[in-house]
Amino acid sequence: MDMKIIEVKQSIFADNDADAEKLRKQLKEEKTFLLNVMSSPGSGKTTTLVRTINELSKELKIGVMEADIDSDVDARTVAQQTGVQTIQLHTGGMCHLDADMTRQGVAQLDTGDLDLVVLENVGNLVCPAEFDTGASKNVMILSVPEGHDKPLKYPLIFTVCDALLINKIDVLPYFDFDMEKVKEYAHRRNPKLKIFPICAKTGEGMQEWCDWLRSEVKDWNGK
């Protein structure tokens, strides 16, 4: 008996890529920049976003989509500490967002008059990197306590990102973390990757990161 084999994963990725490109085109027409932020849990994502948003909200209209499996802790924190429009996306147990989930969030956020939408993806270094969300740019946050070998262990996420924030540099003296090695390993995966050593808690390095993001948003929006 003949048996038909269907490559389900390839089909899922192909459909998602098409949805992502459609969403990216829509946002480009609306002049809305979508930033997809990925990292491990505990890297300082929310703290970094709060400081970034508070710096840029003086000149940009910003909205935030917080993705999580089943909580609204981060969404409440961002809303309370920044005052920008924030919504929570529950993934129903899935460890990532795909383009259709992102599209649903965008529709609820009403992005028409927003310059920048920040998507805080589910904390994970594997699944989120596999799915194009339709973002204008992808950014990853790696914290010093996680170690400098992560580009060797999780190559895909470094490959798909446009910028890497190395957070918690204030604790460098207490960890066996080699800044030059992590840069070397990351650039081995992605030679075009922009790298910003920062401390979201103290603000060190945040200005350079915010300047880069501000420039990317203005270029995307044609301003």
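## A walk through the sheet and its surroundings

Start by selecting K168, which sits in the loop between β6 and α8. Keep in mind as you go that this is a predicted model. The phi angle of K168 is near 70°, a positive value in a residue other than glycine. With a relative accessibility of 27%, K168 counts as partly exposed, because that class covers the range between 20% and 50%.

For a companion to K168, jump to K31, in the loop between α1 (8-30) and β1. Phi is positive here too, near 60°, and K31 is a residue other than glycine. K31 has a relative accessibility of 43% and counts as partly exposed.

**Zoom out to the whole chain**

Now show the protein chain as a cartoon. You should be able to pick out 9 helices and 7 strands. The radius of gyration is 17 Å, close to the 17 Å that the globule rule gives for 223 residues, so the chain is as compact as a globular protein of that length. Along the principal axes, the C-alpha atoms fill a box of roughly 65 × 45 × 35 Å.

If you switch on a surface, you are looking at about 11,100 Å² of accessible area, with 49% of it belonging to carbon and sulfur atoms. Of the 223 residues, 49% are buried. As for how the chain meets itself, take the contacts with a separation of 6 or more: 75% of them link residues 24 or more positions apart.

**Select the strands**

Hide the helices for a moment and look at the sheet. It is an open sheet of 7 strands, paired in parallel, and reading across you meet β3-β2-β4-β1-β5-β6-β7. Which strands stand at the edges? They are β3 (85-90) and β7 (194-197), and each has a single partner strand, so one side of each is left without a neighbour in the sheet. Turn the view to look along the sheet and you can follow its twist, which averages 20° from one strand to the next.

**Stop at β4**

Next, select residues 116-120, which form strand β4. On one side, β4 pairs with β2 (residues 62-68) in the parallel sense over 5 bridges. Its other pairing to view is with β1, again parallel and again joined by 5 bridges. A general point helps here: strands of a sheet pair through backbone hydrogen bonds.

Three residue pairs are handy landmarks for this stop:

- G63 has V117 in β4 as its bridge partner.
- M65 stands opposite L119 in β4.
- L35 has V118 in β4 as its bridge partner.

Is β4 mostly covered or open to the outside? It is mostly covered, with 5 of its 5 residues buried. In a regular strand, side chains alternate between the two faces of the sheet. Show the side chains of β4 and you will find L116, V118 and E120 on one side, with V117 and L119 on the other, all of them buried.

**Bring the helices back**

Two helices are good to display against the strands. Select residues 99-109 for helix α4, which lies across β1 (33-39), β2, β3 and β4 and runs at about 150° to β3. Then select residues 179-189 for helix α8, which lies across β5 (137-143), β6 (163-167) and β7 and runs at about 160° to β7.

**Look into the loop after β1**

Now pick S40, in the loop between β1 and α2. S40 is buried, with a relative accessible area of 13%. Which side chain does the S40 side chain meet in a polar contact? The partner is E146, at 2.9 Å. Expand the selection around S40 and, beyond its neighbours within four places in sequence, you will find K45, G123, N124, L125, I141 and E146 in contact with S40.

**Last stop: T52**

Finish in helix α2 (residues 45-56), where T52 has its place. T52 is buried, with a relative accessible area of 5%. Draw a distance from the T52 side chain to the backbone oxygen of T48 and you should get 2.8 Å. Finally, light up M206, W209, C210 and L213: T52 touches these residues, not counting those up to four places away in sequence.

Methods
Residues are numbered from 1 along each chain as its sequence is written. This is a predicted model: local features need pLDDT of at least 70, side-chain atom pairs count only at pLDDT 80 or more; totals for chains, interfaces and linings use all residues. Side-chain values use heavy atoms; hydrogens and water are left out. Helices (H or I, at least four residues) and strands (E, at least two) are DSSP runs, numbered from the N terminus. Buried means under 20% relative accessible area, exposed over 50%, partly exposed in between (1.4 Å probe, protein chains only). A polar contact is a pair of N or O atoms within 3.5 Å; within protein, one must be able to donate a hydrogen and the other to accept it, and residues adjacent in sequence count only if both atoms are side-chain atoms. Contact means heavy atoms within 4.5 Å. Two strands pair if DSSP finds at least two bridges between them. Axes are lines fitted to C-alpha atoms, for helices over the stretch in contact, and angles run from 0 to 180 degrees between N-to-C directions. The radius of gyration is taken over C-alpha atoms; the globule rule is 2.2 Å times the number of residues to the power 0.38. Accessible areas come from the Shrake-Rupley method with a 1.4 Å probe; for residues, only the protein chains shown count as cover.
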